[in-house]
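Got your viewer open and your selection tool ready? Here is a short tour, one stop at a time.

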Amino acid sequence: MPHDVQPDRLPHLAANIGADYADSFAACRELLALMFELDASSPDGRAGYAMDFALYDYGPIKLGMSRGPASIMVRGPQLIARTGVDQFHVQYYRSHGFVLTLDGADQEVRPGDICMLDLSRPAALRTDGIDNLSAIVARDLLSPLLADAGDVHGLVLRRDSEAGVAVREHLDEMWLRGPELTVEQGLAWSRSTAALLAGVVRANTQSRAATRAELRRSQFRAIRRRIDRDIGDPDLGPAALAGQFYVTRPTLYRMFEPYGGVGRYILGRRLTGAFRDLSDPVLAREPIAAVLRRWGFENHTAAGRAFRATFGMTPSACRSQALAVRASGGAAGDAAFDIPSEVPANIRAFQGRAASNA
């Protein structure tokens, strides 16, 4: 290329919408019409509404900066269907921050936080003032780098996080370099930006997955403690536990799948406790019905069938054999009863807790 020929620079646009417009608010609404339905925070806010706007066109990424007054910006299903815009939106506010609403839930996004949105999905923002740097990223640039594009929508990287700092610094550098870059260099910057965003999204997704997994483990431990505490409550069951711990029934069933399901787990704990008490000579004078009630069995006939299916004997036979073994000088234990192989560990665990709580 001859030295006197300037390479093509990135396309650049700048505008100020204010006092020179007969209806500046209507002009600002038109400017943002493809992205958001704009409204002022109050009817009075429309009067004298003004906005400064600038943009560099990096090709598959449009990098813009805007300033304006308190505003409400909504991207609803009708707008999404009407415009067909489905890019990703990555932005941070240098001041003011905003409240992000997704699926009816509000989240505060502070100045300096990075917020990512999928423009094919609804969102709403409320801010005391617009002062942001934002990137509109083409879907076909970023999506191929992600396992699930759904991980982008609503992702907020806090301003003091490693990922938040990295993305914010990258966007700032893009903005500062914009005036000197060629179109070809802009494409290179777009590719590196997509790689950075994809890496951040993947890392955050893995972190969130690990967090969700730990949450599930913590919930599982808490649910098992609740089962042990309320085992004598005949109403204890999947419905009650799902309501108490704010989990869905399918989630609850998946937690207890290794145990054959939550209902079977509860039944096993009850049967184990009843077995322990019926084989305890100290409790030999307590009516069998009272023992079964203490462990949450209201229907003693059904309890007897379940007991026999699990231990190979009726509750009364369990007590009789335990007393016989005791009278002969032996000790009731695994050798004294024909107990299925999966049961003794549960019994020993129950006995250990009972001893520690005594």
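Start by selecting Tyr259: its relative accessibility is 37%, so it counts as partly exposed. Keep in mind as you click around that this is a predicted model.

Now add Tyr265 to the selection. The two rings make an edge-to-face aromatic pair, with 5.1 Å from centre to centre and 85° between the planes. Tyr265 itself is buried, at a relative accessible area of 8%, which is under the 20% cut-off.

Next, bring in Phe256. Which kind of pair do Phe256 and Tyr265 make? Their ring centres are 5.0 Å apart and the planes meet at 55°, so this pair is tilted. The angle falls short of the 60 degrees that an edge-to-face label has to exceed. Phe256 is buried too, with a relative accessible area of 0%.

Finish this stop by adding Phe220: together with Phe256, Tyr259 and Tyr265, Phe220 forms one aromatic cluster. Across the structure, the count of aromatic pairs comes to eleven.

Zoom out for a moment and colour by secondary structure. You should be looking at twelve helices and ten strands. The protein has 358 residues, and 43% of them are buried. Switch on a surface if you like: about 18,800 Å² is exposed, and carbon and sulfur atoms supply 52% of that. As for how the chain comes together, take the contacts with a separation of 6 or more: 72% of them link residues 24 or more positions apart.

Now select Asp113, in the loop between β7 (105-109) and β8 (114-118). Is this loop residue buried or exposed? Asp113 is buried, because its relative accessibility is 0%. Show side chains and look for Arg158: its side chain makes a polar contact with the side chain of Asp113, at 2.5 Å. Then expand the selection around Asp113. Beyond the neighbours within four places in sequence, you'll pick up Gln91, Tyr92 and Tyr93 on one stretch of numbering, and Val156, Leu157, Arg158 and Arg159 on another.

From there, hop over to Leu155, which sits in strand β10 (residues 155-157). Leu155 is buried, with a relative accessible area of 3%. Draw a distance from its C-alpha to that of Leu117: you'll get 7.1 Å, for two residues 38 apart along the chain.

Two backbone stops come next. Most residues other than glycine have a negative phi, so check the torsions here. Select His96, in the loop between β5 (88-93) and β6 (98-102). Its phi is near 75°, a positive value in a residue other than glycine. His96 counts as partly exposed, with 47% relative accessibility.

Then move along to Asp103, in the loop between β6 and β7. Here phi is near 55°, again positive in a residue that isn't glycine. How accessible is Asp103? At 78% relative accessibility, Asp103 counts as exposed.

Last stop: cysteines. Select Cys28, which counts as buried because its relative accessibility is 0%. Do likewise for Cys318, which also counts as buried at 0% relative accessibility. How many disulfides does the structure hold? The count is zero.

Note on methods
Residues numbered from 1 in each chain as written. Predicted model: local features only at pLDDT ≥ 70, side-chain atom pairs only at ≥ 80, totals over all residues. Heavy atoms only, no water. Helix = DSSP H or I, 4+ residues; strand = E, 2+ residues; numbered from the N terminus. Buried < 20%, exposed > 50% of the residue type's maximum accessible area, 1.4 Å probe, protein only. Polar contact = N/O pair within 3.5 Å; in protein donor to acceptor, adjacent residues only side chain to side chain. Contact = heavy atoms within 4.5 Å. Disulfide = S-S within 2.5 Å. Phe/Tyr/Trp six-rings, centres within 6.5 Å; stacked < 30°, edge-to-face > 60°. Areas by Shrake-Rupley, 256 points an atom, 1.4 Å probe, with all protein chains shown as cover.
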